[in-house]
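Q: Please take a close look at one part of this model. Then work outward to the rest.

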Amino acid sequence: MGDNAKFSIDGDNFEYPVLQGTIGPDVVDIRKLYGQTGAFTYDPGFTSTASCESELTFIDGGEGVLLHRGYPIEQLAENSSFMEVAHLLLRGELPTADEYSEFTNTITRHTMVHEQLRGFYQGFRRDAHPMAIMCGVVGALSAFYHDSTDINDPAQRMIASHRLVAKMPTIAAMAYKYSIGQPFVYPDNELSYTGNFLRMTFGVPAEEYEVHPAIEKAMDRIFILHADHEQNASTSTVRLAGSSGANPFACIAAGIACLWGPAHGGANEAALNMLHEIGHPDRIPEYIKRAKDKDDPFRLMGFGHRVYKNYDPRASVMQETVREVFETLKVKDPVFDVALQLEEMALNDPYFIDKKLFPNVDFYSGIILSAIGFPTSMFTVLFALARTVGWVAQWNEMISDPGQRIGRPRQLYTGPAKRDYVPIDKR
Ligand code: SDX
């Protein structure tokens, strides 16, 4: 693309610089457009809008490429660990052995929550959706950690970041324990980040809990696949909340709330519920027909993506992980067969081909999580646990950007023009 983009509005000509990134689409810098033309751009779903500059994650939706600071997700999922990826996203590089040890020790030392936070859970009904608990408890963290809410102090930002990454597994496991009436299990600092989470979730004080290495590895890989994903809805929510100067705990609570939606992170719970509802391969054509019916609100959950118009690379890794976990646990789940056949039929259907609808990260994740023992209500909690690393990294990147300003979009106003008040006896 040339140096400047040229616009003509009402016969007047304007030029705006075109900015180039390392890879990916150029952007037209329209920051001066309203001041010069008196017109806004209009892009309600932000399908053509770059909201920020970022070095964290790159997605090529056409090619199905996902890079975290340049490293392909397939290589990270195969060779790395969630804590390594957290270091990469938060500090910019894969850690050396010493850096890894220092980072994991730092995170480990923040895994406990304030003892009084346990009281928050008692305020919820036992059948409360765990995401409701996550919204409430994570938002409440700001009431306990005043020493890390000064967002202008890099040291406090880093402590808050470490606290959020470290405490999410503890808070998530407590939400699960509360829902099943079992006692909370304290963190065990001898375990890995993911092993610690599995023990807090499935262990009980009455007996020793052995972390299953294959499950720990699969869970850790699932966390890697969910760590960050460019400027998705919940990350944009965290950035917008953070742009007002809100404390990081409140910003992450806002991200959790947004992620909960079935069009976003809630899709993993909805996808498994859908697969169970379909129940048998014979019923797949009926559901594909419904998904294609404009008058039917039903959609194939776990299919389609705003950016990926090719196979979501995370879905490929997830499908492979299902096979590995099933082989290790010597389990079979007819729902996996339904998922595989549903994918096969959809990817050969002109509707899905024409609209470039492929399985996304949420299509297979529920099958593994269910096999490991999580109820569907916990699936989005696990997504939020992992995505906290990305949210915190994106929040830090935004706050430390000297050009950062409060986010304040405008609108196309279509309401009534100015009119005078009419007294009630004259209406
Ligand atoms: C995540 O943004 C991210 O990066 C998100 C995420 C992350 O890591 O943060 O990747 C995680 O949220 C993955 C997406 C999970 N959501 C789902 O699986 C829910 C089902 N998918 C859809 O709701 C939809 O595909 C979205 C929300 C994901 C994307 O919606 P878009 O980009 O706004 O696309 P659209 O709704 O305008 O759909 C385009 C067309 C429409 O048909 P037409 O109006 O053009 O005729 O495709 C159809 C839609 O009806 N369509 C589907 C469909 N998804 C889109 N039809 C049937 N089944 C589907 N799943």
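In which sense do β4 and strand β5 (residues 65–68) pair, and over how many bridges?

A: This is a predicted model. β4 and strand β5 pair in the antiparallel sense, over 4 bridges. One pair of residues shows the register: F58 has L67 in β5 as its bridge partner.

The pair belongs to an open sheet of 3 strands. The order is β4-β5-β6, and the pairing is antiparallel. β4 covers 57–60 and β6 covers 71–72, and both stand at the edges. Each has a single partner strand, so one side of each is left without a neighbour in the sheet.

Another open sheet has 3 strands in the order β1-β2-β3. Its pairing is also antiparallel. The edge strands here are β1 (4–9) and β3 (27–28), each pairing on one side only. Strand β2 spans residues 12–19 and pairs with β3 in the antiparallel sense over 2 bridges. There, V18 stands opposite V28 in β3.

Next, the ligand. It is surrounded by 24 residues. The closest are H229, L300, H305, R306 and R314. By type, the shell divides into 10 nonpolar, 7 polar and 7 charged residues. Three polar approaches can be followed in the view. The side chain of H264 has an N or O atom 2.9 Å from an oxygen atom of the ligand. For R299, a side-chain N or O atom is 3.0 Å from a ligand oxygen. L300 uses its backbone: a polar atom there is 2.8 Å from a nitrogen atom of the ligand. On its own, the ligand has 1000 Å² of accessible area, and the protein covers 78% of that.

Now the cysteines. The structure holds 0 disulfides. C251 is in none, and the nearest cysteine sulfur, that of C258, is 13 Å away. A disulfide would need the two sulfur atoms within 2.5 Å. C251 counts as buried, because its relative accessibility is 0%. C258 is in no disulfide either; its nearest cysteine sulfur is that of C135, 10 Å away. C258 has a relative accessible area of 25%, so it ranks as partly exposed.

Two lysines have backbone angles worth checking. K330 is not a glycine, yet its phi is positive, about 55 degrees. K330 sits in the loop between α14 (313–329) and α15 (334–346). Its relative accessible area is 72%, so K330 is exposed. K356 likewise has a positive phi of about 55 degrees without being a glycine. The loop that holds K356 runs between α16 (350–354) and α17 (361–372). K356 counts as partly exposed, because its relative accessibility is 43%. The cut-off for exposed is over 50%.

Last, a long-range pair. P409 lies in the segment after α18 (379–399). P409 is exposed, with a relative accessible area of 52%. In sequence, P409 and P44 are 365 residues apart. In space, their C-alpha atoms are 10.0 Å apart.

Definitions and conventions:
Residues are numbered from 1 along each chain as its sequence is written. This is a predicted model: local features need pLDDT of at least 70, side-chain atom pairs count only at pLDDT 80 or more; totals for chains, interfaces and linings use all residues. Side-chain values use heavy atoms; hydrogens and water are left out. Two strands pair if DSSP finds at least two bridges between them. Buried means under 20% relative accessible area, exposed over 50%, partly exposed in between (1.4 Å probe, protein chains only). A residue is near a molecule or strand if one of its heavy atoms lies within 4 Å of it. A polar contact is a pair of N or O atoms within 3.5 Å; within protein, one must be able to donate a hydrogen and the other to accept it, and residues adjacent in sequence count only if both atoms are side-chain atoms. Accessible areas come from the Shrake-Rupley method with a 1.4 Å probe; for residues, only the protein chains shown count as cover. Ala, Val, Leu, Ile, Met, Phe, Trp, Tyr, Cys and Pro count as nonpolar, Asp, Glu, Lys and Arg as charged, and the others, Gly among them, as polar.
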